[in-house]
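Hi,

I'm handing over the structure now, with my notes on what turned up in it. Please open it and keep it beside you as you read.

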Amino acid sequence: MEQLQEERRQGSRGTKTLVLMAVVLLLTGGLISRLSYLQLWEGPNYRERAEKNRIRPWYRAPARGEILDRKGRILASHRQVYSLYLEPSDNRKEDWPRVLEILAPHVKFSVAEMQEKLDKTGYHSPYPVLILPDIDPQLITLIREYQNQLPGVEVVVDSARYYPHGAIASQIIGYTGEISEKELNRRKALDQNYRPGDLVGKLGVEALFEEDLHGTWGGELREVNAAGQKIRDLGKIDPKPGQPIKLTLDIELQKAAEAVLGTRRGAVVALDVNTGEILVMASHPGFDPNLFTRRITKDEWVALQGLDHPFLNRAVRPYAPASTFKIVVTAAALESGRFSPQTRLNTFGAYRVGNRFFKEHNGRGWGVVGFEKALAVSADTFFYQVGLKLGPDPIASMGRNFGFSQRTALDLPSESPGLMPTEDWKKATFRDYWRAGDSANFAIGQGYALVTPLQNALMIAAIANGGQLVTPRLRQDTPVVHQPVPVQPKTLDVIRRGLRAVTAPGGTAYRVLGGAGMVPNAGKTGTAEDYNSHRTNAVFVGYAPLDHPQIAVSVMVEQGGHGGSDAAPVAAEIYKHYFAQKGDAVPSQK
């Protein structure tokens, strides 16, 4: 019996041993299988992930191209600064809030604002996220002191835009700002070299020539440790800076124009009558674009909004042309065949049109005058009669020949085409017919007519150069383009004699632009009703010298008084500076 029990105990122990061995073999086999799978099948994948953790790409934004004036003087450049970036892939998404909580009080950004930037870029993105450009030394010291608590936060040597002349020419030069999500998506769709956080042109030349100014991103590969700190550089491609853009602007002449315009709202355009090169494009009030090279404060933004639209380029904004439009009306009249250079009309203190009396600006009339005298003294009642006989359509057609009612080739985003009204236009716009009073107003540049100071400059340049409408040029490497205006030489001759008489004794601009010491010049004054303020805008167009004209000037001063007394002095200063710096031997008037 005892022997039987002993055999049973031994059999039980053997069974347990077999079971235990089977379990051990099963576990060992599973472990070997798992290790084999990880080693043979998943090995390359894990090796690649480990390599990515060890080697990090770091992309570097390019410096923007410089903007230069016609003589190579810097209008916009860049300077070396330190900027604060976040490297999204240095932390897991769930770890970033802790880092941002530490950073937020020192950069005056909320955690939510910085988190939104990271969310938009993506937490696996190799592209750094710009938080603050041009940071001060105290912040640099702080970041470096607490670097271990701020993984993924990096201070980088960077470049920031710099505008050495401040607010001078600010609307035409423009400014830069961080690219919007909408703009980034648009440029990505076009396969352009843009990244999150890029700085792009927001206004003026900065926006107009963005693709040339932007440049190409560069980068480097870095070997980093477990904390994400750089050990060494493994390779580097330097970013390619943007192209320099040389403009036709003359910054010294621009300064002179803005100085004489002063604190008055308005615009000045000066250009070469033969090439269309824009020498001056001034608009006041302006702004300092250097404000946008860093994070602008709320108080600074509020202050800008209180300066009466400082971002508005008034040089391409439409205004009533006032009596400067009588140049176009004269051309339309003489080319229509209904009037001749010898035509003379009686003028009056007021001219009756229907039930209304349209006044003469001197209150008494000028007697019997022809086109030349009518231009010289700006005889309204003379041009009322011309406008009533012509009707709106021939005048509007001639206006379009001179470039009105259409945008110029500058293609500035804010540029207005202006307006040359016709009978059909009024009917379609107001569901009303064209009245005689509309023709009278149109003939003196009031009513519905709207032109920009730039268009007015191109019009007077065409008169000066013998009938060629030049395409305006803001960039020196663009070709010179002319479009002949369909007017006969004898028509131009009448107009030019009339404009010369404006600056001669008895003319509306003689006191300012005539007399000894002034370069021989011609022009036309204008005073436009501002229906919103019940005050008058001062307008002037002119060119100099009389023989072989070189420069055309267009001035508009909002609520500035009268063309002869308030706009013409701006042109006089521009002529003085222009010919003084050229050093040309231009004879003065006697």
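Before we start on loops and the elements around them: a helix here is a DSSP run of H or I with at least four residues, a strand is a run of E with at least two, and both are numbered from the N terminus. Also, bear in mind that this is a predicted model.

First, the overall picture. The chain has 590 residues, and 50% of them count as buried. Its secondary structure adds up to 21 helices and 21 strands. If you take the contacts with a separation of 6 or more, 70% of them are between residues 24 or more positions apart.

Now to β3 (74–86), which has several partners. It pairs with β5 in the antiparallel sense, through ten bridges, and also with β4, again antiparallel, over three bridges. Leu-86 takes part in both pairings: its bridge partner in β5 is Val-153, while in β4 it stands opposite Val-129. The third partner is β2 (residues 67–68), antiparallel to β3 over two bridges, with Ile-67 bridged to Ala-76. Five residues separate β2 and β3 in their hairpin, where Gly-72 has a positive phi near 85°.

Which way does helix α5 (residues 137–145) turn its buried residues? Leu-139, Ile-140 and Ile-143 are the buried ones, and they line one face of the helix because they fall within an arc of 105° when you look down its axis. That fits the usual rule: an α-helix has 3.6 residues a turn, so residues three or four places apart point the same way. The buried residues of α5 pack against β3, α3 (96–107), β4 (129–132) and β5 (153–162). On the other side of the helix, Pro-137, Gln-138, Thr-141 and Glu-145 are exposed.

Some of those elements come back in the largest pocket, which holds about 1,200 Å³ of space. It is lined by 45 residues, and Lys-117, Leu-130, Gly-177, Glu-178 and Leu-199 are the closest to its centre. Two or more lining residues come from each of β3, α4 (111–121), β4, β5, β6 (176–178) and α7 (181–189). The largest share, five residues, is from α4.

Next, some backbone oddities to look at:

- His-284 to Pro-285 is a cis peptide bond, with omega near 5°; Pro-285 is in the loop between β12 (278–284) and α11 (298–305).
- Ala-544 and Pro-545 are also joined by a cis peptide bond, omega about -15°. Pro-545 lies in the loop between β20 (535–544) and β21.
- His-548, in the loop between β20 and β21, has a positive phi of about 55° without being a glycine. Its relative accessibility is 71%, so it counts as exposed.
- Asp-134 is another non-glycine with a positive phi, about 50°, and it sits in the loop between β4 and α5. At 27% relative accessibility, Asp-134 is partly exposed.

One last residue: Ser-554, in strand β21 (residues 551–557). Is Ser-554 buried or exposed? Its relative accessibility is 1%, so it counts as buried. The Ser-554 side chain reaches the backbone oxygen of Pro-453 at 2.8 Å. Beyond its neighbours within four places in sequence, its contacts include Ala-267, Val-268, Val-269, Asn-456, Phe-540 and Val-541.

Happy browsing, and cheers!

Conventions:
Residues are numbered from 1 along each chain as its sequence is written. This is a predicted model: local features need pLDDT of at least 70, side-chain atom pairs count only at pLDDT 80 or more; totals for chains, interfaces and linings use all residues. Side-chain values use heavy atoms; hydrogens and water are left out. Buried means under 20% relative accessible area, exposed over 50%, partly exposed in between (1.4 Å probe, protein chains only). The arc is that of the directions from the helix axis to the C-beta atoms. Contact means heavy atoms within 4.5 Å. Two strands pair if DSSP finds at least two bridges between them. A polar contact is a pair of N or O atoms within 3.5 Å; within protein, one must be able to donate a hydrogen and the other to accept it, and residues adjacent in sequence count only if both atoms are side-chain atoms. On a 1 Å grid over the protein atoms alone, a cavity is a set of points where a 1.4 Å probe fits but cannot get out, and a pocket is an open set with protein on both sides within 12 Å along at least five of seven lines; lining residues have an atom within 4 Å of a point. Grid points are joined across faces, edges and corners, and a volume is the space filled by probe spheres set on the points.
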